Amino acid sequence: MLERRPSHDDLVDHLVRTTPLARGEAARVVLDVLAYFDETAEEYVRRRHRELRGRGLGNDAIFERIAEELPRRAVAPPALSLRQLRRIVYG
C-alpha cells in the first residue's frame, strides 16, 4: 500500500489569508519549511561544511561554527565532538 503524505492545505490556506503570498508560493514555502525540519544532523553538517568551505573558511573555523550551530537546530541533535563532525564529512 502506498504511504500517503498528509496534506498541509490548512497551513497553505492560512498563509494565503495572512500574507501577500499566492497559493503556489505559500505551498512552496510550506514544502521548504518541511524540508528544513526533515534534514538530519549529518545532512546539516555536510551542507554547512560545503557552504562555509565555499565562503573560504578553513576546517578549524568551520567545525567550530557547526558545533555552535547544532544545538540551536529546530530539533537539536545529540552533542557531537569536533572529531565526530569531521567523520561525518570525511568518513
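Modeller: Start with a cut-off. A salt bridge is counted when a side-chain nitrogen of Lys or Arg lies within 4 Å of a carboxyl oxygen of Asp or Glu. The model is predicted.

Colleague: What can side chains of opposite charge do when their charged atoms come close?

Modeller: Such side chains can pair. Now the case here. The structure holds 8 salt bridges. One of them joins Glu39 to Arg47, with the closest N and O atoms 2.8 Å apart.

Colleague: Is Glu39 buried or exposed? And what about Arg47?

Modeller: Use the cut-offs: buried is under 20% relative accessible area, and exposed is over 50%. Glu39 has 18% relative accessibility, so Glu39 counts as buried. Arg47 has 23%, and is therefore partly exposed.

Colleague: Which other side chain meets Glu39 in a salt bridge?

Modeller: Arg73 does, at 3.2 Å from N to O. Glu39 sits in the loop between α2 (23–38) and α3, and Arg73 sits in the loop between α4 (59–69) and α5 (82–90), so this pair ties together parts that are 34 residues apart in sequence. Arg73 is buried as well, because its relative accessible area is 12%.

Colleague: Now a bridge inside a helix. Which residue does Glu51 pair with?

Modeller: Glu51 forms a salt bridge with Arg48, and the closest N and O atoms are 2.8 Å apart. The two residues are 3 apart in helix α3, so about one helical turn separates them. Glu51 is partly exposed, at 30% relative accessibility. Arg48 counts as buried, at 10%.

Colleague: Which residues belong to the network that shared partners create?

Modeller: Salt bridges with shared partners join Glu39, Arg47, Arg48, Glu51, Glu69 and Arg73 into one network.

Colleague: Stay with Arg48. Where is Arg48 found, and what is Arg48 in contact with?

Modeller: For contacts, leave out neighbours within four places in sequence. Arg48 is found in helix α3, residues 41–54. The contacts of Arg48 are then Arg55, Arg65, Ile66 and Glu69.

Colleague: Ile66 is on that list. How do I read its surroundings?

Modeller: Place first, then cover, then contacts. Ile66 is in helix α4. Its relative accessible area is 0%, so Ile66 is buried. Beyond the neighbours within four places, Ile66 is in contact with Val45, Arg48, His49, Leu52 and Leu85.

Colleague: How far apart are Ile66 and Tyr44, in sequence and in space?

Modeller: They are 22 residues apart in sequence. C-alpha to C-alpha, Ile66 and Tyr44 are 8.9 Å apart.

Colleague: Take another separation. How far apart are His8 and Ile62?

Modeller: His8 and Ile62 are 54 residues apart in sequence and 36 Å apart in space, again C-alpha to C-alpha. His8 lies in the segment before α1 (9–18). Its relative accessibility is 29%, so His8 is partly exposed. Leaving aside neighbours within four places, His8 is in contact with Val30 and Leu34.

Colleague: Zoom out. How many helices and strands does the protein have?

Modeller: The count is 5 helices and 0 strands. Read from the N terminus, the order is α-α-α-α-α.

Colleague: How does the radius of gyration compare with that of a compact globule?

Modeller: Set the value against a reference of equal length. A compact globule of 91 residues would be near 12 Å, but the protein has 17 Å. Along the principal axes, the C-alpha atoms fill a box of roughly 45 × 35 × 20 Å.

Colleague: What share of the residues is buried, and what share of the surface belongs to carbon and sulfur?

Modeller: Buried residues make up 22% of the 91. The accessible surface is about 6900 Å², and carbon and sulfur atoms account for 54% of that surface.

Colleague: What share of contacts joins residues at least 24 apart?

Modeller: Take contacts between residues at least 6 apart in sequence as the base. Of these, 35% join residues at least 24 apart.

Colleague: Last, the charges. How far apart are the mean positions of the positive and negative charges?

Modeller: The protein has 17 positive and 15 negative charges, and their mean positions are 5 Å apart.

How values were computed: Residues are numbered from 1 along each chain as its sequence is written. This is a predicted model: local features need pLDDT of at least 70, side-chain atom pairs count only at pLDDT 80 or more; totals for chains, interfaces and linings use all residues. Side-chain values use heavy atoms; hydrogens and water are left out. Helices (H or I, at least four residues) and strands (E, at least two) are DSSP runs, numbered from the N terminus. The radius of gyration is taken over C-alpha atoms; the globule rule is 2.2 Å times the number of residues to the power 0.38. Buried means under 20% relative accessible area, exposed over 50%, partly exposed in between (1.4 Å probe, protein chains only). Contact means heavy atoms within 4.5 Å. Accessible areas come from the Shrake-Rupley method with a 1.4 Å probe; for residues, only the protein chains shown count as cover. Lys and Arg count as positive and Asp and Glu as negative; His and the chain ends are not counted. The place of a charge is taken as NZ of Lys, CZ of Arg, CG of Asp or CD of Glu.
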